[in-house]
Amino acid sequence: MFPIIGYLVAIGGILGGYLGAGGHIGILIQPFEVLIILGGALGGFVVANSPKVLKAALSGVGQVFKSSKYNKDFYLETLTLLNKIFYKIRQNGLLSIESDIERPENSEVFKVAPRVLADHHATEFITDYLRLMASGSLDVHQIENLMDIDIETHHEEGYEPIAALARLADGLPAFGIVAAVMGVVHTMESLDQPQNVLGGLIAAALVGTFLGILIAYAFVAPLTGNLQQKLDESTKYYQSIKAALIASINGYAPPTAVEFGRKVIFSRDRPGFEELEQHLKANK
């Protein structure tokens with residue numbers, strides 16, 4: 001909703017100022033200029049990126065128009081799940097969670113967190129490191145280092161479509177200039193036309209530059225900022241899980257280990273101490 005509002009405000013402000021100054025909307029409607037700009041930019045976009053990155057970029061654009069799932073309720077659900085896992089380990093040992101981590105979709109423990117269970121990457125992250133903890137083959141420092149590498153890889157992978165869209169935004173003004181130059185070429189070959197016709201051709205050519213800049217900085221570039229924020233929220237989520245798991249490995253009691261995870265969360269999404277405590281009691 002907010003991206004749509006932002007786009008409407010941008011278009012309204014730009015067109016409102018233009019029309020208020022006495023401009024005419026008709027001259028801005030230049031479909032062939034748009035074809036040159038978008039055709040050239042999209043062609044270059046396809047050449048510059050692998051199919052995987054193209055698919056991720058298209059998926060990311062769709063995510064911009066959805067609200068973030070990394071909110072307080074999602075964190076409460078995740079921390080509650082971790083708390084139940086830690087209590088089960090503390091009471092029955094690491095081997096007691098073997099069936100939970102091998103088949104989380106059938107686990108009574110994981111059923112308290114349906115949104116986490118629906119997130120394949122989150123479920124895999126939790127179960128993979130619980131499996132390593134249960135194996136006893138790695139010490140806490142090795143597991144923590146592996147988590148850092150895993151999270152860094154997740155962040156780098158998530159940044160690829162953002163970088164691709166940023167390059168697209170950087171190139172759009174140049175394609176606007178291409179459209180403008182081609183419009184000038186067309187004007188130069190029409191010098192035998194009346195002055196009012198030439199004026200219209202020059203205006204149409206300049207619209208190409210305008211559209212290239214407008215699409216780049218009012219539409220595409222803001223997408224990269226939004227996606228970067230969503231990526232940062234996703235990375236912070238995994239850092240929160242990591243903090244709780246490492247605290248549990250170090251022998252902290254389940255409520256304390258969960259508190260380690262809570263403190264990592266961005267303040268705008270972080271549940272309060274008492275709020276989390278009450279939620280954990282209600283879901284024991």
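**View 1. Glu 102 counts as partly exposed, with a relative accessibility of 42%.** Here "buried" stands for under 20% relative accessible area, "exposed" for over 50%, and "partly exposed" for values in between (1.4 Å probe, protein chains only). Before you look further, note that this is a predicted model, in which local features need pLDDT of at least 70 and side-chain atom pairs count only at pLDDT 80 or more, while totals for chains, interfaces and linings use all residues. Residues are numbered from 1 along each chain as its sequence is written, and side-chain values use heavy atoms, with hydrogens and water left out. Which residue does Glu 102 form a salt bridge with? The partner is Arg 131, and the closest N and O atoms of the two are 3.1 Å apart. A salt bridge is counted when a side-chain nitrogen of Lys or Arg lies within 4 Å of a carboxyl oxygen of Asp or Glu. This pair links distant parts of the chain, with Glu 102 in helix H5 and Arg 131 in helix H7 (residues 120–135), 29 residues apart. Arg 131 is partly exposed too, at 31% relative accessibility. Asp 128 joins Glu 102 and Arg 131 in a network of salt bridges.

**View 2. Lys 88 and Asp 100 meet through their side chains in a salt bridge.** The N to O distance is 2.7 Å. Lys 88 belongs to helix H4 (residues 72–92) and Asp 100 to helix H5 (residues 98–102), so you can follow the pair across 12 residues of sequence, between distant parts of the chain. Helices are DSSP runs (H or I) of at least four residues and strands are DSSP runs (E) of at least two, numbered from the N terminus. Are the two partners buried or exposed to some degree? Lys 88 counts as partly exposed because its relative accessibility is 23%. Asp 100 counts as buried because its relative accessibility is 7%. As a general point, side chains of opposite charge can pair when their charged atoms come close.

**View 3. Asp 148 and Lys 242 form a salt bridge.** Their side chains meet at 2.6 Å, N to O. Asp 148 lies in helix H8 (residues 140–188) and Lys 242 in helix H9 (residues 195–249), so the salt bridge ties together parts that are 94 residues apart in sequence. Asp 148 is partly exposed, with a relative accessible area of 33%, whereas Lys 242 is buried, with 15%. In total, the structure holds 12 salt bridges.

**View 4. Ile 246 is a buried residue in helix H9.** Its relative accessible area is 8%. Which residues does Ile 246 touch, not counting those up to four places away in sequence? They are Val 140, Ile 143, Glu 144 and Met 147. A contact here means heavy atoms within 4.5 Å. Ala 56 is 190 residues from Ile 246 in sequence, and the two are 31 Å apart in space, C-alpha to C-alpha.

**View 5. Ala 203, also found in helix H9, is partly exposed.** Its relative accessibility is 28%. Try finding Leu 28 as well: it is 175 residues from Ala 203 along the chain, and their C-alpha atoms are separated by 8.7 Å.

**View 6. Ser 96 is found in the loop between H4 and H5.** Leaving out residues up to four places away in sequence, Ser 96 touches Lys 88 and Ile 89. From Ser 96 to Ala 244 there are 148 residues in sequence and 19 Å in space, C-alpha to C-alpha.

**View 7. Stepping back, the protein has 11 helices and zero strands.** The radius of gyration is 27 Å, well over the 19 Å that the globule rule gives for 284 residues, so the protein is more spread out than a compact globule. That radius is taken over C-alpha atoms, and the globule rule is 2.2 Å times the number of residues to the power 0.38. Along its principal axes, the C-alpha trace spans about 90 × 35 × 30 Å. Buried residues make up 39% of the 284 residues. Among contacts with a separation of 6 or more, 76% come from residues 24 or more positions apart.
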